[in-house]
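Please work through the exercises below with the sequence and the model in view. Each task is followed by a solution in steps.

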Amino acid sequence: MISLKNIQKAYYDSDPPTIALNNISFEIRQGEFVAIIGPSGSGKSTLLHILSFMDRPTSGVYTFFGKKMHDLSDAELAYIRNKEMGFVFQSFNLLGHASVYDNVEIPLLYSDVNIKDRKKLIEDAVKAVGLADKINVEAGKLSGGQKQRVAIARALVNDPQVIFADEPTGNLDSQSGAQVIKILEDLHAAGHTIILVTHETYTAQFANRTITIKDGGVESDKEIVKNQHHKFFK
Amino acid sequence: MKLRDIFKTAVKGLFRSKTRTALTMLGIVIGIASVILLMSVGQSAQDLILNQVQGAGSNLIYIIPGANKSSKFSAPSSGLGIIIKTLNKNDLDTLKREASIDKAAPEVRGQARVVYNSNDISVTYDGTMPDFFAIRNFTLAKGYAFTQNDVDSFNHVAVLGFGTAKTLFSNFEPIGKTVRLKNITFTVIGVLDHKGVGAGGLDQDNMIILPVTVAQKQMLGIDYYNDIVAQANSAYDINFVESRVISVLRQNHGITDPNKDDFTVMTQADVVALLDSITTVLKLFLTAIASISLVVGGIGIMNIMLVSVVERTKEIGLRKAVGATNKDIIQQFLVEAALLTFVGGLVGILVGALFTIGLYLILVSFTTISWTLALPFSAIGLAAGVSIIIGLVFGIYPARKAAQKSPIEALRYE
């Protein structure tokens, strides 16, 4: 379903050009929980941007559910981001002055979901992250953990195939981080494909596969034995 | 993105910084209010001037010395302050003999101070003949107008304008009293009814009407007329009378080539058309001045929208990440700008209308000017349309800047 072949990303704003990704090739099957790990500057964020259609590779072929990225216009990429992808960011990226409801509604504004059906979708998404009682509260007044749960609700409100999580626990205490990971696990169990980018090895262990990026290339690609997981948060 | 969502998002965006939104709107409010006020004032002034010309009498024909070379609707040389001496008593007498002319009166004018006891004021004196009162619809509040005998006999009699009589005599009876004008003594024989400001801005209440012979020979020392105003016989078509007048004057002045006319003949309709063209230009000029404030307001909108785009960089990044296209972002910011200017425009129309009504009430209550309330719907429609266009024109640059942001860079923005 997700396939990368010889993906390269170079930035030509310096001489010599900066090669951020070099010959990246792997596949991710539907329903996988993949952690992309690597040290700072390794290229994992660049990889996430390409995987999530926010940036285009310099060369190589990226296929997402049968569609080749280089065949798609910016508007088509935006459409797929809206319908098939959900995003969870380290810094939440919520509109602090807007309510939880309004924040979760944002992806629906750009989709073709009927206005009448929106309310139920938003309420279901907010309920799924345990914030039903906060739905009319301003997002800026919530705790860090609650904010990230709102961000997850926003990511899943369109029922996307894939959820991209970029350092989702990076700004959270361990308890809030555990709650967020638990929600991601639940979403994975519900059939969503989760692609998690992190530099924290213990967070990565909740995935069932880790791809380690180093110096712009894939250093390792390993399956994880599941029963080792929850000891870090127990 | 659905239209409803675009507007909802734009309204929320504007309500986020209420004070800033209000202050930004103020520029448009002032601009639109100025346009409304000045367009209304221009329209009222135009109506006032044209009504005064039309109310000056009926079937009038103005004969002015000097030709208007460029077109019928440009001012003749004498109207530009050049002294031309081609109209005289012979012209008047010939015109009076024409069957198509009912009445004709010459005019000579000057400025002088009129003195009664210790009171003295500056007035315009108008030397003319008895027909003048009928031609110009000048009626008398007191006394009587002078006669042809007064004119022929060089009698020192005067008819005072309403305001002149009031200033000089206050509540005392002016009839029979003597006033002094350029050291010549005149007996007041009549006082005009209140007339107000006439066409051309002349205050018809602050004037003195004298026999033309006295004004011409004894006060001004001239033997020509400043103009002749004639009233056409209503049995004849006004254009026919006009051509007859031209023909008579050409014959009198020995002119065979129409390009060498040394006079200008204008009917009331010509004068209305001339003044209409002048006042329309004036109206456009006033609107153009007011429009400058709209441009300044528009630049203010652009400035604030640019600030808003920078402040909301992360929001733009987020919206693009979750599926907003460049078109969606452009629409959002354009609608915000257009909404800002449209609401500002509506408030501006209201404020402009209130000022227009206020000005009307002040002028009607405290002056003698016959001001009319003109609030042209065209001005209101234009203002509303222009305000939206300003929003779109000055909003497009910030909106494009917002749309061009890369989602990655925008999300990283701190």
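**Exercise 1. A helix and its surroundings**

Task: Determine what the buried residues of helix 3 of chain A pack against.

Solution. The buried residues of helix 3 of chain A pack against helix 2 (74–84), helix 4 (115–128) and helix 5 of chain A, together with helix 1 (3–16) and helix 10 (313–321) of chain B. Here helices (H or I, at least four residues) and strands (E, at least two) are DSSP runs, numbered from the N terminus. Buried means under 20% relative accessible area, exposed over 50% and partly exposed in between, with a 1.4 Å probe and protein chains only.

The model is predicted: local features need pLDDT of at least 70, side-chain atom pairs count only at pLDDT 80 or more, and totals for chains, interfaces and linings use all residues. Residues are numbered from 1 along each chain as its sequence is written, chains are lettered from A and ligands numbered from 1 in the order in which they are written, and side-chain values use heavy atoms, with hydrogens and water left out.

Next, consider the burial itself. Nine of the ten residues of helix 3 of chain A are buried, so this helix is largely enclosed by the rest of the structure. Among the buried residues are Tyr101(A), Glu105(A), Ile106(A), Leu108(A) and Leu109(A).

**Exercise 2. Two packed helices**

Task: Describe how helix 3 and helix 5 of chain A cross, and state which residues make the contact.

Solution. Two packed helices are described by the angle between their axes and the distance between the axes. The axes of helix 3 (residues 100–109) and helix 5 of chain A come within 7 Å and cross at roughly 35°. Axes are lines fitted to C-alpha atoms, for helices over the stretch in contact, and angles run from 0 to 180 degrees between N-to-C directions. On the side of helix 3 of chain A, the contact (heavy atoms within 4.5 Å) is made by Val100(A), Asn103(A), Val104(A) and Pro107(A). Helix 5 of chain A contributes Val150(A), Ala153(A) and Arg154(A).

**Exercise 3. The six-stranded sheet**

Task: Give the strand order of the open sheet in chain A, and place two helices upon it.

Solution. The open sheet of six strands has the order 6-7-8-3-9-10, with mixed pairing. Strand 6 (85–88) and strand 10 (217–223) of chain A are the edge strands, each pairing on one side only. Two strands pair if DSSP finds at least two bridges between them. The twist averages 15° from one strand to the next.

Within the sheet, strand 3 (residues 33–37) and strand 8 (residues 193–198) of chain A run parallel and are joined by five bridges. In this pair, Ile36(A) stands opposite Val197(A).

Helix 5 (residues 144–156) of chain A lies across strand 6 and strand 7 (162–166), running at about 170° to strand 6 of chain A. Helix 6 (residues 174–189) of chain A lies across strand 3, strand 7 and strand 8, at about 150° to strand 8 of chain A.

**Exercise 4. Two residues with positive phi**

Task: For Phe53(A) and Phe154(B), decide whether each is buried, partly exposed or exposed.

Solution. Phe53(A) lies in the loop between helix 1 (44–51) and strand 4 (59–64) of chain A, and its phi is near 65°. With a relative accessible area of 2%, Phe53(A) is buried.

Phe154(B) belongs to the loop between helix 5 (148–152) and strand 5 (157–160) of chain B, and has a phi of about 55°. Its relative accessible area is 32%, and Phe154(B) is therefore partly exposed.
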